[in-house]
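Look at the chains shown here first. This report then covers one fold and one contact between chains.

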Amino acid sequence: MEKDKSFSGNRKYSNNEITVYWKPSACIHASYCYRELIEVFDPSSRPWVDMNGAPTARIIETVNMCPTEALTWKWNDKEKNNAVGIDQTNHIKFRRPELIEESAQESKENPVSVKIMADGPVVIKGNFTLLYSGNEKKINESLISICRCGASDHMPFCDGKHRHIGFTG
Amino acid sequence: MESTDILVLQVNSMNMEENKENKSPAVVEVIDSGPLKISGNFLLIDLKKDISDDSGEVYLCRCGRSGNKPYCDRSHKK
């Protein structure tokens, strides 16, 4: 039987305390994870996540930096998950959907964040209009990652190629 | 003057300036075979180069060859 492509490739990695969930289709290669904790998140290793590479607290801290839902985590002890507050995760949309509207309103007037990732893409976050090859797209409270190295196979978006070509800048 | 007073003054004048300019919503435009144009209300941060830019319009290099990264220097045409 053929696998459902949209769900294939999702992985989970556990230590004795937590499980980290990896959803590659959601990754925009913002590269926070391996810049922060290469001991655990090493894209050149297989498997690329080594849950024994660092203490659980550091892994949680790093997963919380992921700007998309590509990396998420849960306690293995189900009871403990009920006590996870929004201050312990940046994945508000997934854990606390009731808070989305409020945060969207607040940030309406904030400037759009344009972050140049060292040796990587430019990550643009907030409410803005995206124009590319004749398309116009409204981005609401979301983020995109645009290639800066010139080597992406998924232009204009980043596909992680900068690491392979050794891009600096 | 206390240093905190100076800070408050600076923040106030920044706020005033922002109101005066009344920046339009941000637009991100991918220019075909060219740079990334970002205009309107945005704040660009480049920690590696120690750049903070809210000038209202920037052109960012997409080809990887600029000598003035993150900005475009038209190297893509060479």
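What follows takes chain A alone, then the contact with chain B.

**Chain A**

This is a predicted model. Chain A has 169 residues, and 25% of them are buried. Its secondary structure comprises six helices and six strands. Along the sequence the order is β-β-α-α-β-α-α-α-β-β-β-α. Take the contacts in chain A between residues at least 6 apart in sequence: 45% of these join residues at least 24 apart.

**The contact between the chains**

How many residues does each chain bring to the contact? Chain B brings 25 residues, and chain A brings 25 residues. Three strands of chain B each supply at least two residues of the side that touches chain A. They are listed below with their residue ranges.

| Strand of chain B | Residues |
|---|---|
| Strand 1 | 27-30 |
| Strand 2 | 36-39 |
| Strand 3 | 42-46 |

Which strand of chain B gives the most to this side? Strand 3 does, with five residues. By class, the side of chain B that touches chain A holds 16 nonpolar residues, seven charged residues and two polar residues.

**Strand pairing across the chains**

Strand 5 of chain A, residues 122-132, is joined to strand 1 of chain B by four bridges. The two strands run parallel. Where does Leu131(A) stand? Leu131(A) is opposite Glu29(B), a residue in strand 1 of chain B. Strand 1 of chain B thus appears twice here: it supplies at least two residues to the side that touches chain A, and it pairs with strand 5 of chain A.

Conventions: Residues are numbered from 1 along each chain as its sequence is written. Chains are lettered from A and ligands numbered from 1 in the order in which they are written. This is a predicted model: local features need pLDDT of at least 70, side-chain atom pairs count only at pLDDT 80 or more; totals for chains, interfaces and linings use all residues. Two residues are in contact if their C-beta atoms, placed from the backbone, lie within 7 Å. Ala, Val, Leu, Ile, Met, Phe, Trp, Tyr, Cys and Pro count as nonpolar, Asp, Glu, Lys and Arg as charged, and the others, Gly among them, as polar. Two strands pair if DSSP finds at least two bridges between them. A residue is buried if 20 or more other C-beta atoms lie within 10 Å of its own, exposed if 12 or fewer, and partly exposed in between; C-beta atoms are placed from the backbone.
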